[in-house]
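Reader: I should like to go through a structure with you, from its strands outwards. May I put my questions as we go?
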Amino acid sequence: MSTNAVEATTITKRYGNIVALDAVTLSVPKGSVYGLVGPNGAGKTTLLGILAGLRSPTGGTFSIASSRVSVLPDTPRFEPWLTARETVQVSATLADVPNSPAAVSDILERTGLTDAADRKVSGFSRGMLQRLGIAAAVVSRPDLLLLDEPAAALDPQGRREVLDLVADLRGESTVVFSSHILDDVQEVCDEIAILTRGSLVYQGTLDGLMRDVAHGYTYRIEIRGDTGPAARVLRACNWVTQIEVEDSVVFVSADSTVELESELVPLLADVGVPVVSIGPIEQSLEDVFLDVTR
Amino acid sequence: MNLWRVEWLRIWRTRTVWILFGIFIFFGILGPLTAQFLPEIVERAGVAGEIDLPPPSPELAMSQYVGNALQIGVLAIAFIAASALAFDSKPEISVFYRTRATITEILTPRYVVIAGTAVAAFISGTVIAFVLSTALIGTPDALATLKGSALIALYIVLAVALVGLMSSLISSVPGAALLGIGTLIILGIATMVPYVGPWLPSYLVGGFDMLVAGGEFDYWGAILVTMIATAAATWASIILMERREV
């Protein structure tokens, strides 16, 4: 039995001459929160549409090991003449799951819509529609939940609630979560895929991304006086991949942290370089993302 | 709450039911009144010259009703049907339904509720025209009125199916409604073609007048073609909707 909720192999989608997805291959582990990251126009919505069965791929194959799939578009809309409670009831009925008044009220409370439960949807703000979309998606108890930019339209409090809700679903449902808000992805996702211009450029854990794609590790060394001796001795080391000097600061990069942690300080001490401070530079996810999608 | 309940709520809360019943009941009242009082209205309006108006009769009352009500009624039915059947015009709402139910499950209640409401509205107007005509002028032939109404009901169901077919070809509500109306107009013009005309669905519309005026029932060919066309349009719209990407 597969441990993946989604297996996609060389999925391609063309609209005339435009390639929206170019041979995308990915695996989404069951029960995980999976982030689909990429700039606008990268193909995230197209990929989610294919996984939801709303669009057909031009090429490639995919399988979904889930009987119940729910989708939340980036700007959800509902029948304006239904109330929020009725919308959730319709969703539950169509999914053939119990939709007792208590169950519906519970999901409306979890999404912060208790006060608006019996109001018609026509008067809802974009943020409220987003919450209602999540309520309607979650109430059907999906095995696979596809969320397209679920927090994009929300205020900070709404965003926090959505992220908590998504985190709560971990283990209960597989969540594929598209976003270009990297902080959100970093907070809730177990694994990510980075799409750019229709191609998958990375798939794996965030730690793996930082380790494998961030082009090694860099230390910042601030020196009192001349940086020349330090730069010379470091350039002579075969484990050093790059040296940069800016005023009294030397940046030294390596493929692994082992030598940086064990050899850097003794080396500088041996040549008597007066070191003011020394430490690793943390590359942010944003730096890595920009690097990968450039 | 299932999709049948959703469709009933749609026609109530969007006031569709009031619009349709309002149109047909209005003309159901107007038809007998104009048949009875048109000579007086023309005289009081001071129209110059001599106008040869037919004498008031139950047949004229019913004919006035059907002629006027269907012109406006079919327009309203087409736009109301398009707003329910062209649900891909709002892709986000379409995603909500398409990811939870099959196209057949989505479309069936929409077709049935819209067509059923339109037919019920037409029948209610017919009953009012019949009662008013009886009170003011004379009693129309009840059996002929019943048969004529059945022909118009078939035509209304076909109109809804045609708008449904257009909704599967074009996702805009006004576009689907206008294409449906355009198709009905072309069918109406084609009725004048010898030999072919009596087989076309539009031939049913004239049947009401003819039957109430004492004409023979020779509409089986048009009935058969209308039923086949309705089934074919419905089937094609389901297939095309299933193939459409949103």
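Author: Please do. One definition will help at the outset: two strands pair if DSSP finds at least two bridges between them. Please also keep in mind that this is a predicted model.

Reader: How many bridges join β3 to β7 in chain A, and do the strands run parallel or antiparallel?
Author: Strand β3 (residues 33–37) and strand β7 (residues 174–179) of chain A are joined by five bridges, and they run parallel. Across this pairing, A:Val33 stands opposite A:Val175 of β7(A).

Reader: Which sheet do they belong to?
Author: Both are part of an open sheet of six strands in chain A, in the order β5-β6-β7-β3-β8-β9, and the pairing is mixed.

Reader: Which strands stand at the edges, and why is one side of each left without a neighbour?
Author: The edge strands are β5 and β9 of chain A. Each has a single partner strand, so one of its sides has no neighbour in the sheet. From one strand to the next, the twist averages 15°.

Reader: And β1? What does it pair with?
Author: Strand β1 (residues 4–15) of chain A runs antiparallel to strand β2 (residues 18–29) of chain A, with eight bridges between them. These strands form a hairpin with two residues between them, and A:Gly16 in the turn has a positive phi of about 65°. A:Tyr15 stands opposite A:Ile18 of β2(A). β1(A) is also joined, by five bridges, to strand β4 (residues 59–64) of chain A, again in an antiparallel arrangement. There, A:Thr12 has A:Gly59 in β4(A) as its bridge partner.

Reader: I noticed A:Ala20. Is it buried or exposed?
Author: A:Ala20, which lies in strand β2 of chain A, is buried. The cut-off is 20 or more other C-beta atoms within 10 Å, and A:Ala20 has 22, so it qualifies.

Reader: What is A:Ala20 in contact with, beyond its neighbours within four places in sequence?
Author: Its contacts of that kind are A:Lys13, A:Arg14, A:Tyr15, A:Gly43, A:Thr46 and A:Gly198. A:Thr46 is 26 residues away from A:Ala20 in sequence, yet their C-alpha atoms are 7.2 Å apart in space.

Reader: A:Thr46 sits in a helix, I think. How many residues of that helix, α1, are buried?
Author: Helix α1 of chain A covers residues 44–51, and seven of its eight residues are buried. A:Thr46 is one of them, and the others are A:Lys44, A:Leu47, A:Leu48, A:Gly49, A:Ile50 and A:Leu51. Just after α1(A), A:Gly53 takes a positive phi of about 80°.

Reader: Let us step back to the whole chain. What does its secondary structure come to?
Author: Chain A has ten helices and 13 strands. Of its 294 residues, 39% are buried. Among contacts with a separation of 6 or more, 72% are between residues 24 or more positions apart.

Reader: What radius of gyration does chain A have, set against a compact globule?
Author: Chain A has 24 Å, whereas a compact globule of 294 residues would have a value near 19 Å. Along the principal axes, its C-alpha atoms fill a box of roughly 75 × 45 × 35 Å.

Reader: How is the chain divided into domains?
Author: The domain assignment gives domain 1 (4–211) and domain 2 (216–293) of chain A. Their centres, taken over C-alpha atoms, are 42 Å apart. Twelve residues of domain 1 and seven residues of domain 2 take part in the contact between them.

Reader: Which elements supply the domain 1 side?
Author: On the side of domain 1 of chain A that touches domain 2, α6 (182–188), β8 (191–196), β9 (199–205) and α7 (206–213) each supply at least two residues. α7(A) gives the most, with three residues. By class, this side has nine nonpolar, three polar and no charged residues.

Reader: Finally, chain B. How many residues does each chain give to the contact?
Author: The contact takes 22 residues from chain A and 18 residues from chain B. On the chain A side, β5 (69–72) and α2 (84–94) each supply at least two residues, and α2(A) has the largest share, with six residues. The residues on that side divide into twelve nonpolar, six polar and four charged.

Methods:
Residues numbered from 1 in each chain as written. Chains lettered and ligands numbered in written order. Predicted model: local features only at pLDDT ≥ 70, side-chain atom pairs only at ≥ 80, totals over all residues. Contact = placed C-beta atoms within 7 Å. Helix = DSSP H or I, 4+ residues; strand = E, 2+ residues; numbered from the N terminus. Nonpolar A, V, L, I, M, F, W, Y, C, P; charged D, E, K, R; others polar. Rg over C-alpha atoms; globule rule 2.2 N^0.38 Å. Buried ≥ 20, exposed ≤ 12 C-beta atoms within 10 Å, placed from the backbone. Domains from an automatic or database assignment. Axes fitted to C-alpha atoms, helices over the stretch in contact; angles between N-to-C directions.
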